[in-house]
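I opened this notebook to get my bearings in a structure that is new to me. My entries follow the order in which I looked things up.

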Amino acid sequence: KQWYQRRVAITAGNMGVSFVLHWYPPSTQTSSQAEEALQNHLTNIGASAKPLLPWRMDCEQYTALPNLSALSGRSFQVIHTSENESLSFTITEQMNVLVSERSFDTILTKMSDCYQPNKLTRIEAKGKKYEIGDFAIKVGSVFLGPNFKCLVIEVEYKPSSYTKDTLPLLHEFLSIVCSNLIPIPENLNQITTPINTTFYQLSDTIIQYKRVFDECRRVNPNLAMS
């Protein structure tokens, strides 16, 4: 099992390169069954679960009040993650990510005369973490309010921060991790084009999850929750 121990022949950076993939369970499975099947597969290929380190991410959308003509239609999203509990990530309509201390949330409450959170579009992802060799894996479910929307997996290659050189290795690893359980794109470059092509940053992961959440708000497949 040397495939997960290979190194990209470049000096590792402060954080790895991640790829986020979401999928919908087939009609023959409930969401719980599909998630359990993947978790069992990860265990079978040698991944070790981290039961004491569950992960969680939430995303809330703020929209300008309709009576403010200068801000009409404007919105932004705020994401929090258990991986960086002290930070807030604000994503603008131009897909810029503004990183601030969690205390920024207090400022948002003072902007209520301009922007209001849309509680109906609040999304949360939560699940389990695994490790295998140089890779970290997160598997979880995405919920829009109380409603299940999709399953999500994040795979991170920890030794490298160089995006372009790491994508082929991530693709190879994804094909092993996902097996026949999850369809994966043929070319990760097509999916990750907007991501920094040189040094990977935490904001790149946030943007990938933001795209998943946006699709979950648009799509309403007929899925079983449990």
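**Confidence.** pLDDT is the predictor's confidence in each residue, on a scale from 0 to 100. I needed that at once, since this is a predicted model. I looked up the chain average and found a mean pLDDT of 82. I also noted that 83% of the residues reach 70 or more.

Where does pLDDT stay under 50? I found one such stretch at residues 1–13. The model gives residues 1–13 34 contacts beyond four places in sequence. I found another at residues 221–226, with 17 contacts beyond four places in sequence. I will read both stretches with their pLDDT under 50 in mind.

**Cysteines.** How many disulfides does the structure hold? I counted 0. Next I checked two cysteines for exposure. Cysteine 178 has 0% relative accessibility, so I logged it as buried, the cut-off being under 20%. Cysteine 114 has a relative accessible area of 27%, so I logged it as partly exposed.

**Largest pocket.** I turned to the open spaces. Rolling a probe the size of a water molecule over the atoms shows where empty space is left. The largest pocket came out at about 320 Å³. Its lining has 22 residues. Which of them are closest to its centre? I wrote down Glu83, Asn84, Lys138, Glu154 and Glu156.

Then I asked which elements give two or more residues to this lining. They are the strands β3 (55–64), β8 (123–132), β9 (135–144) and β10 (147–157), along with the helix α5 (202–218). The largest share, 4 residues, comes from α5. By class, I listed 10 nonpolar, 4 polar and 8 charged residues in the lining.

**Tyrosine 200.** I found tyrosine 200 in the loop between α4 (188–191) and α5. Is tyrosine 200 buried or exposed? Its relative accessibility is 4%, so it counts as buried. I also checked its distance to serine 18. The two residues are 182 residues apart along the chain, yet their C-alpha atoms are separated by 8.3 Å.

**Methionine 95.** My last stop was a backbone angle. Methionine 95 has a positive phi of about 65 degrees, although it is not a glycine. I placed methionine 95 in the loop between β5 (87–91) and β6 (97–101). Its relative accessibility is 30%, so I entered it as partly exposed. Tyrosine 200 also sits in a loop, but there I had written buried.

Key:
Residues are numbered from 1 along each chain as its sequence is written. This is a predicted model: local features need pLDDT of at least 70, side-chain atom pairs count only at pLDDT 80 or more; totals for chains, interfaces and linings use all residues. Side-chain values use heavy atoms; hydrogens and water are left out. Contact means heavy atoms within 4.5 Å. A disulfide is a pair of cysteine sulfur atoms within 2.5 Å. Buried means under 20% relative accessible area, exposed over 50%, partly exposed in between (1.4 Å probe, protein chains only). On a 1 Å grid over the protein atoms alone, a cavity is a set of points where a 1.4 Å probe fits but cannot get out, and a pocket is an open set with protein on both sides within 12 Å along at least five of seven lines; lining residues have an atom within 4 Å of a point. Grid points are joined across faces, edges and corners, and a volume is the space filled by probe spheres set on the points. Ala, Val, Leu, Ile, Met, Phe, Trp, Tyr, Cys and Pro count as nonpolar, Asp, Glu, Lys and Arg as charged, and the others, Gly among them, as polar.
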